[in-house]
Protein chains: 2
Amino acid sequence: MERELLLLGLLRQGEMHGYQLHDFIERNLAFCTDLKKATAYLLLERMAEKGWVTVQETREGHRPPRRVYRLTPEGEAAFQQLLRENLAHFEAAKTGSDVGLAFVDALPRAEALRLLEQRRAAVAEQLAAFQAAPEHSGGYQLLIDHQQHYLRSELAWLDAVLARLREGRLRFANPSSRKSRLQGEERP
Amino acid sequence: MERELLLLGLLRQGEMHGYQLHDFIERNLAFCTDLKKATAYLLLERMAEKGWVTVQETREGHRPPRRVYRLTPEGEAAFQQLLRENLAHFEAAKTGSDVGLAFVDALPRAEALRLLEQRRAAVAEQLAAFQAAPEHSGGYQLLIDHQQHYLRSELAWLDAVLARLREGRLRFANPSSRKSRLQGEERP
DNA sequence: CAATGACTAGTCAGAACTGACTATTCATGA
DNA sequence: TCATGAATAGTCAGTTCTGACTAGTCATTG
């Protein structure tokens with residue numbers, strides 16, 4: 001859905017072939033979507049069937065033929081529609097990284113601390129990478145701004161958690177209280 | 001990967017059958033992972049093959065037979081391993097909602113404003129829902145704390161963007177400058 | 001009581017996605 | 001000059017995931 005929005009959005013700026021689209025996304029937008037090459041080709045084909053883009057096969061020398069995609073007026077309409085929907089709604093981001101937090105208390109406190117410090121370093125590193133890239137080659141400044149904001153927020157939260165852990169203010173449940181939580185609180 | 005961590009983590013607290021696991025996740029952890037029923041069954045089956053859990057089929061009356069899963073020592077080891085990896089690493093969360101931001105400048109300013117205000121309301125609503133649930137029935141306080149922090153941060157960022165939009169401080173690129181950005185900056 | 005709708009439990013065909021691959025061209029330097 | 005590796009371009013077999021379904025049970029109520 002938003003993958004299509006992305007492809008359409010890129011195609012608005014001029015015709016392109018699949019490899020080019022995928023490559024651009026990989027290089028510049030990998031931080032906000034992950035679209036594999038095969039998936040990109042699949043979506044483009046499907047959008048061609050829907051009449052959102054036209055395909056034109058070209059060949060240079062003995063290279064495999066390129067399929068060049070170009071936005072149609074219907075494609076532009078679909079883009080507008082998808083964009084409106086996308087902007088108006090909000091879906092909270094989901095990370096696999098969250099899950100582990102549910103179980104920190106399964107580890108010795110000291111180890112939890114060590115591991116979360118590693119995580120903190122990882123976040124800091126990603127943030128630094130973003131701040132290093134000066135005005136980012138691809139444009140899309142809002143996206144980058146958002147990502148930086150997000151990473152800073154993660155960092156702040158992790159710092160707060162680490163502080164609580166260090167000061168022992170983080171409750172490590174014992175197994176029995178855990179069990180009762182899971183089964184549901186109703187029975188006393 | 002983290003889906004398995006989650007299932008193992010829940011199974012540590014006592015044997016359960018597939019439906020129960022899925023149901024618990026749906027009710028209490030839907031905000032941080034989305035694991036469909038069929039996927040849960042698939043993963044459990046696979047974990048059984050790997051020897052991480054044992055299965056015991058039981059039947060009550062004419063109901064379809066239940067498969068009750070119980071963690072094995074190997075399962076506990078795997079859990080520990082996955083948990084350590086999970087805690088030590090960080091993978092930035094990805095949302096489809098981000099993509100649209102790349103193209104706000106394709107809409108008239110006033111409409112972009114209206115749509116993003118809708119989005120803001122959606123975020124605020126989700127946040128309110130979290131704050132309403134008092135100490136959340138399922139426990140997992142860290143997760144909830146994290147989610148609230150995340151939502152507050154999104155809200156703040158959106159507010160900043162909206163302010164910039166209202167004051168006209170947000171650059172709406174014209175098509176030609178967009179194009180040159182896409183093709184790459186190298187050629188002048 | 002019988003009909004209705006919600007809950008429990010799980011299955012499966014098919015949609016969606018991806019890792020690994022082929023095959024050509026181009027740049028590099030030993 | 002001719003291996004080596006990177007870049008270009010795309011395909012496909014196989015895995016992963018999910019929407020929609022079956023089917024029994026329970027609670028309610030008209």
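Which residue, with a positive phi, follows α7(A)? In this predicted model, that residue is A:Gly168, and its phi is near 70°. The helix before A:Gly168 has 26 residues. From its first C-alpha to its last, α7(A) reaches 37 Å. The span expected at 1.5 Å a residue is 38 Å, so the two values are close.

Helix α6 of chain A covers residues 109-132. Its 24 residues should span 34 Å at 1.5 Å a residue. The end C-alpha atoms are 34 Å apart, which agrees. Several residues of α6(A) are buried. Among them are A:Leu113, A:Leu116, A:Val123, A:Leu127 and A:Phe130. The buried set also includes A:Glu111 and A:Arg119. Residues three or four places apart on an α-helix point the same way, because the helix has 3.6 residues a turn. The buried residues of α6(A) pack against two helices of chain A, α5 (97-101) and α7 (141-166). They also pack against α4 (73-88) of chain B.

Chain A also contains an open sheet of three strands. The order is β1-β3-β2, and the pairing is antiparallel. The edge strands are β1 (16-17) and β2 (53-58), each of which pairs on one side only. Six bridges join β2(A) to β3(A). Across this pairing, A:Val53 stands opposite A:Leu71 in β3(A).

Strand β3 of chain A also takes part in the surface near DNA strand D. This strand, β3 (66-71), supplies at least two residues of that surface. So do α2 (18-29) and α3 (37-49) of chain A, and α3 (37-49) of chain B. In total, 18 residues surround DNA strand D. The closest are A:His17, A:Lys37, A:Tyr41, A:Arg66 and A:Arg67. By class, the surface has nine charged, five nonpolar and four polar residues.

On the DNA side, the sugar and phosphate groups account for 65% of the atoms of strand D within 4 Å of the protein. The rest belong to bases. Individual contacts with phosphate oxygens involve both protein chains. A backbone N or O atom of A:Arg67 lies 2.6 Å from a phosphate oxygen of DNA strand D. For B:Thr39, an N or O atom in the side chain is 3.2 Å from a phosphate oxygen of this DNA strand. The side chain of A:His17 places an N or O atom 3.5 Å from a phosphate oxygen of DNA strand D.

Methods: Residues are numbered from 1 along each chain as its sequence is written. Chains are lettered from A and ligands numbered from 1 in the order in which they are written. This is a predicted model: local features need pLDDT of at least 70, side-chain atom pairs count only at pLDDT 80 or more; totals for chains, interfaces and linings use all residues. Side-chain values use heavy atoms; hydrogens and water are left out. Helices (H or I, at least four residues) and strands (E, at least two) are DSSP runs, numbered from the N terminus. Buried means under 20% relative accessible area, exposed over 50%, partly exposed in between (1.4 Å probe, protein chains only). Contact means heavy atoms within 4.5 Å. A residue is near a molecule or strand if one of its heavy atoms lies within 4 Å of it. A polar contact is a pair of N or O atoms within 3.5 Å; within protein, one must be able to donate a hydrogen and the other to accept it, and residues adjacent in sequence count only if both atoms are side-chain atoms. Ala, Val, Leu, Ile, Met, Phe, Trp, Tyr, Cys and Pro count as nonpolar, Asp, Glu, Lys and Arg as charged, and the others, Gly among them, as polar. Two strands pair if DSSP finds at least two bridges between them.
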